[in-house]
Amino acid sequence: MSSIDWAVLIFTLVAVVVYGVWIGRGQKSNASYLKADSKMPWYIVLLGIMATQASAITFLSAPGQAYTDGMRFVQYYFGLPLAMIVICITFIPIFQRLNVYTAYEYLENRFDKKTRVLTSLLFLFSRGLSTGISIYAPSIILASVLNWNIYLTNVLTGGILLIYTYVGGAKAIAHTQKLQFLIILGTMAFAGYLLIQDMPGGIGFKDALYLAGKSGKLNVITTEFDWKDKYNLWSGLIGGFFLALSYFGTDQSQVGRYITAKDNTNAKMGLLLNGLVKIPMQFAILLIGALLFAFFSLKPAPVYFNERSYQNLKDTQPQQAAAFEKEHRDLQAKFNAESKEILKLKETNSPHLNQAVQDFKDTQTEVKELHGRVEEAINQSNSNAEKTDTNYIFLYFVKNTLPIGMTGLLFAVIFLASWGSISAALNSLAACSLKDVHLIFSKEMPDEQTELKYSRLHTLAWGIFSIGIAMFATQMGSLIEAVNVLGSLFYGPILGIFLVAFYFKKINGANVFVSAILSEITVIAIYQFDIVSFLWLNVIGAAAVILFSAIGLLFNRKLV
């Protein structure tokens, strides 16, 4: 990067850290550190909810996901608005009335202590792992830009955000998320504009969309039902509904954002607006990936977008790499020529257009097949290599195309997006491990200052744990997919526990405790045997808790 890009990157990150430390100064109690004294207005709640969900993974990996698999990933969010309505009707009033620090406090009142601890442990395990993945996402940038070791950048990335998270707690997180997300939205919108402006040969937006469509990248709606298809209308509406219901209704990283609201109305407004704007926002981010495909169909793309991994192949297998490059050059020249020919024939309504499109698709298949062979060779030559280059596609465009200053700002955006979600996750992990585990098994109740000290120590411990997990994230492929698969292994049973608590008043704690364990075992088994796609695991996990609890209730009645 240029010195100007470095100046923009460093200034933006330092400004956010300083602002977070300043706004979060003077913490004196856990009510302030973990809940921001429950004084946040609806727009802070909205931006906090969106910033917590839209991590660096969203902005780094989502364009790459659309580039490789099209825009059908957006269907993953179709169940979100419905879930927001249910949460506003059922979850928020209960959490606000009980004035809880964590969502799982309610479960002790409804069931018993062991059910509260079990549910909290399921959350801590899943959120701790996914936070590590979120740390790894921006670490890719530092490793790529500076040519540093990825393990060093994991430590650096996770360590910087710990400064204001440790010092300022929920208040610092809420206000920095507001600043971060506004910068993110503005910068991503400008990056999309520059992408269209920089299309080779003066190609406009409509022509770029046409090429993306003919390549199959605008596959927003997939109506065909298939249990093993990860992204279609049905898995999005049903599986996505259950995942969103669990994530926003029972995951402390999100619950912790709206319990900071000053009242029910502000909490509900924040959630409902999130349900309205999330799908268009995700659509726009995925559209950038589809347009990137059109961009690289008109000009040469690299053999492999992860330049560092490919360089390792060139160093260890030079002859194989040279053969790949020759084949790639020939295919890219053919692909670029066919793309331009399609646009020319489209303008004249030529009868040869259909054949040209078919040739274009055939060459696209050949390029994809070559990419697969390159990827396989890289993974065979280097066991530490990342499985795919999906997470590097947008990064490659940023590094090699955007003007001076904009590159540094885009890199800063990916850091800010990461910090927004990770800081909220660390705060929620600290709240849970302290309130739902530590203090429950503690023989003495600490005073206010000691409890605040414990909260900070828990925050620090989870930060270190997440950095450790980031060290193993290189083998997870597409990060946006990996983090959602991980969540789906646990969110279903957690949601099932809450659904039983809300709607099945005759089922007791002992019953639901055993049912939750059986359900988690069931979900993991189904995932291991690859029976259905991951979104359905959320439905199965929740339904299994209810079913096992109902069977247990009938069994107990017969014994009586």
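Are F95 and F498 buried or exposed? Both are buried. Here are some notes on this predicted model, point by point.

1. **The main core.** The largest nonpolar core holds 164 residues, and F95, Y258 and F498 have the most contacts inside it. Helix 12 (residues 264–298) gives the largest share, 16 residues. A second, separate core has 11 residues, among them A321, L331, L370 and I378.

2. **Around Y258.** Beyond its neighbours within four places in sequence, Y258 is in contact with residues including V45, I49, I87, F95, F248 and L271.

3. **A pair across the chain.** There are 32 aromatic pairs in the model. In one of them, F95 and F498 meet edge-to-face, with 6.4 Å centre to centre and 90° between the planes. This pair links distant parts of the chain: F95 belongs to helix 5 and F498 to helix 19 (residues 479–503), 403 residues apart.

4. **A pair within one helix.** The ring centres of W462 and F465 are 5.3 Å apart and the planes are at 85°, so this pair is edge-to-face too. Both residues lie in helix 18 (residues 448–470), three residues apart, or about one turn of the helix. W462 counts as buried because its relative accessibility is 14%, under the 20% limit. F465, at 36%, is partly exposed.

5. **Charges over rings.** The charged end of K435 sits over the ring of Y101, 4.0 Å from its centre. Likewise, K346 has its charged end over the ring of Y210, at 5.1 Å from the centre.

6. **A loop residue to look at.** D530 is in the loop between helix 20 (509–528) and helix 21 (535–559). Its phi is near 55°, a positive value in a residue other than glycine.

Technical notes: Residues numbered from 1 in each chain as written. Predicted model: local features only at pLDDT ≥ 70, side-chain atom pairs only at ≥ 80, totals over all residues. Heavy atoms only, no water. Core = buried A, V, L, I, M, F, W, Y, C linked by side-chain atoms within 4.5 Å. Buried < 20%, exposed > 50% of the residue type's maximum accessible area, 1.4 Å probe, protein only. Helix = DSSP H or I, 4+ residues; strand = E, 2+ residues; numbered from the N terminus. Contact = heavy atoms within 4.5 Å. Phe/Tyr/Trp six-rings, centres within 6.5 Å; stacked < 30°, edge-to-face > 60°. Lys NZ or Arg CZ within 6 Å of the ring centre and 35° of its normal.
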